[in-house]
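Here are a few notes to help you find your way around, written for someone opening this entry for the first time. Keep the view open beside you and take the points in order.

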Amino acid sequence: MARTDCDVVYAFWPHRCHYYDIDKPVVCTFQDTTVLEFPEIMGGQATEAERARSEVWLQRSAQVVVSSQATKNNLIRLFGKTQEAAVVIPHAILPASKSAAQSPDSALLAQLPKRYVVFPGNMSSQKNHYPLLVAWSRFARRREAPLVLFGELTDVLNEKAHEF
């Protein structure tokens, strides 16, 4: 496929996508290797297919970018020394234009107790909420430091989110 509208193609999340040959350099980002290391997430055959797709991305991309040294080390372990060329670019948090006290969530933040345990993660199955909640239900001191979940779709867990 010939592209004339760009100089490089960036694939920010190549998971579950096939690589397409194009006449431009491709840069892809691997945020993590979770689905490759835990076949129970997608199942054995789907995990093997994902591993094969990932290997194609890693071989054909002009540059691989990873979000952490841990992810780079995992790629090296899973795919070999050729992944030592991966470039680590840590996630950056943009400075907020408003202080937390002025944000729309400030009322919610004000309700948090002094001590709490945070679990950041969307509601995807690989985030393992079920085992977390089972373990949390057995944690004797859970009332002293409640569990706070946040991430995409965690608001559906809050009954107040459904009140109109």
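**Notes for a first look**

1. Let's start with Y19, which counts as buried because its relative accessibility is 14%, and buried means under 20%. Please keep in mind throughout that this is a predicted model.

2. How many aromatic pairs are there? The count comes to two aromatic pairs. Y19 and W57 make up one of them, with an edge-to-face arrangement: the ring centres lie 4.9 Å apart and the planes meet at 80°. This pair links distant parts of the chain, since Y19 belongs to the loop between β1 (9-11) and β2 (26-30), while W57 is in helix α2 (residues 44-60), 38 residues apart. W57 is buried too, because its relative accessibility is 8%.

3. W136 and F139 form an aromatic pair as well, and here the geometry is tilted, with 5.0 Å centre to centre and 45° between the planes. Are these two residues buried or exposed? W136 has 17% relative accessibility, so W136 counts as buried. F139 has 34%, so F139 counts as partly exposed.

4. While you are looking at rings, turn to F79. The charged end of R51 sits over the ring of F79, at 4.6 Å from the ring centre.

5. Next, the charged pairs. Side chains of opposite charge can pair when their charged atoms come close. The structure holds four salt bridges, and the next three points describe some of them.

6. R60 forms a salt bridge with D21, and their closest N and O atoms are 3.5 Å apart. R60 is in helix α2 and D21 is in the loop between β1 and β2, so this pair links distant parts of the chain, 39 residues apart. How accessible are the two partners, R60 and D21? R60 is partly exposed because its relative accessibility is 44%. D21 is exposed because its relative accessible area is 52%. You may recall helix α2 and this loop from point 2, where W57 and Y19 connect them.

7. R77 forms a salt bridge with E37, and here the closest N and O atoms are 2.3 Å apart. This pair also links distant parts of the chain: R77 is in helix α3 (residues 69-79) and E37 in helix α1 (residues 34-37), 40 residues apart. R77 counts as exposed because its relative accessible area is 52%, whereas E37, at 28% relative accessibility, counts as partly exposed.

8. R141 forms a salt bridge with E144, with 3.1 Å between the closest N and O atoms. Both ends are partly exposed: R141 has 44% relative accessibility, and E144 has a relative accessible area of 48%.

9. Finally, have a look at V66, which is found in strand β3 (residues 63-66). Why does V66 count as buried? Its relative accessibility is 0%, so V66 falls in the buried class. Leaving aside residues up to four places away in sequence, V66 touches F30, T71, K72, L75, A86, V87, V88 and I89. Of these neighbours, V88 is worth finding in the view: V66 and V88 are 22 residues apart along the chain, and their C-alpha atoms are separated by 4.9 Å.

Technical notes. Residues numbered from 1 in each chain as written. Predicted model: local features only at pLDDT ≥ 70, side-chain atom pairs only at ≥ 80, totals over all residues. Heavy atoms only, no water. Helix = DSSP H or I, 4+ residues; strand = E, 2+ residues; numbered from the N terminus. Buried < 20%, exposed > 50% of the residue type's maximum accessible area, 1.4 Å probe, protein only. Contact = heavy atoms within 4.5 Å. Phe/Tyr/Trp six-rings, centres within 6.5 Å; stacked < 30°, edge-to-face > 60°. Lys NZ or Arg CZ within 6 Å of the ring centre and 35° of its normal. Salt bridge = Lys/Arg side-chain N within 4 Å of Asp/Glu carboxyl O.
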